[in-house]
Amino acid sequence: MVNNHDCKIRVVELFAGVGGFRIGLEGWDGLSPLSGYHEIIKNDFDVVWSNQWEPSTKIQHASKIYEANFGKEGHSNADIKTISTAEIPDHDLLVGGFPCQDYSIANHASQFTGIKGKKGSLWWEIHRILKDKSKVGTPVKYVVLENVDRILGTPIDRKGHDFATILASLSDLGYAVEWRVINAADYGMPQKRRRLFMIGYHHSTPIFEKVKSTFTCGKWLAHNGVFAKAFPATTRG
């Protein structure tokens, strides 16, 4: 008999905060966020491990809320830099809104330290986990990441360099990546909130070939891709 747990996509949630990604994937008490928590969610995901650590505060408020909402099992409240990849369960999907302060518009331009900043450099922890899992033969098949749109313009003296570095490093690890800046206000939310989202597909997955074969002609980005279907957009001209 096949356990339903084994049929689901195993998820690791990094920089978890209070569990925003988890709510989107698993719903809340089995109910869908998109329905205002009235309809049952079709849940194909199982968060097997999560991590939330805020170095600048003594009391780990976000982690405590996460544990109160989802329980302590499989949750880590430790600096991700101190956790070996071997301690992280094998998984199919890695999600995370890696820290944005070093890219954020809230900072003065001179403070845009970007990927070299104390928090911006945490990107390399994601890279390290993806690389190590691939080395031991258990590659992470899919990656979904989020950050502020200001990441496209850092560092201030070489605009776009940081994001290009991230895309190139994912490509070197064998991922095809699609990305889009999404404004929540364009899709019914009561605020202007622009965020950049990235989805990576490992070359071992069937979808990788679909992206590869349709990307250059624009079909994936305009019609066939995840963003095109979930957040339809039209262009002029």
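## A walk through the model: salt bridges, sheet and helices

Start by selecting Lys42 and Asp44: their side chains meet in a salt bridge, 3.0 Å from N to O. Keep in mind as you click around that this is a predicted model. Color by accessibility and the two partners look like this: Lys42 counts as exposed because its relative accessibility is 67%, while Asp44, at 34%, counts as partly exposed.

That pair belongs to a set of seven salt bridges. Next, pick Asp90 and Lys133, another of them, where the closest N and O atoms are 2.9 Å apart. Here the pair ties together distant parts of the chain, 43 residues apart: Asp90 sits in the loop between strand 3 and strand 4, and Lys133 in helix 4 (residues 123-135). Is Lys133 buried or exposed? With a relative accessible area of 4%, Lys133 falls under the 20% cut-off, so it is buried. Asp90, at 35%, counts as partly exposed.

Stay on helix 4 and select Arg128 and Glu125, whose side chains form a salt bridge at 2.6 Å, N to O. Both residues lie in this helix, three residues apart, or about one turn. An α-helix has 3.6 residues a turn, so residues three or four places apart point the same way. Arg128 and Glu125 are both buried.

Now switch to cartoon view for the sheet. In what order do the seven strands run? Follow them as 3-2-1-4-5-7-6, in an open sheet with mixed pairing. Strand 3 (75-76) and strand 6 (175-183) stand at the edges with a single partner strand each, so one side of each has no neighbour in the sheet. Then rotate to helix 5 (residues 161-172), which packs on the sheet and touches strand 6 and strand 7 (194-202). The direction of helix 5 makes about 145° with that of strand 6.

Back inside the sheet, highlight strand 1 (residues 9-14) and strand 4 (residues 93-96): they run parallel and are joined by four bridges. For one spot to zoom in on, select Val12, whose bridge partner in strand 4 is Leu94.

Last stop: helix 6 (residues 206-215). Show Phe208, Val211 and Thr214, which are buried. These three cover an arc of only 150° around the axis, so they lie on the same side of helix 6. Flip to the other side and you'll find Pro206, Lys210, Lys212 and Ser213 exposed. To see what covers the buried residues, turn on strand 6, strand 7 and helix 7 (219-224), which are included in that cover.

Conventions: Residues numbered from 1 in each chain as written. Predicted model: local features only at pLDDT ≥ 70, side-chain atom pairs only at ≥ 80, totals over all residues. Heavy atoms only, no water. Pairing = 2+ DSSP bridges. Helix = DSSP H or I, 4+ residues; strand = E, 2+ residues; numbered from the N terminus. Contact = heavy atoms within 4.5 Å. Axes fitted to C-alpha atoms, helices over the stretch in contact; angles between N-to-C directions. Buried < 20%, exposed > 50% of the residue type's maximum accessible area, 1.4 Å probe, protein only. Arc of directions from axis to C-beta. Salt bridge = Lys/Arg side-chain N within 4 Å of Asp/Glu carboxyl O.
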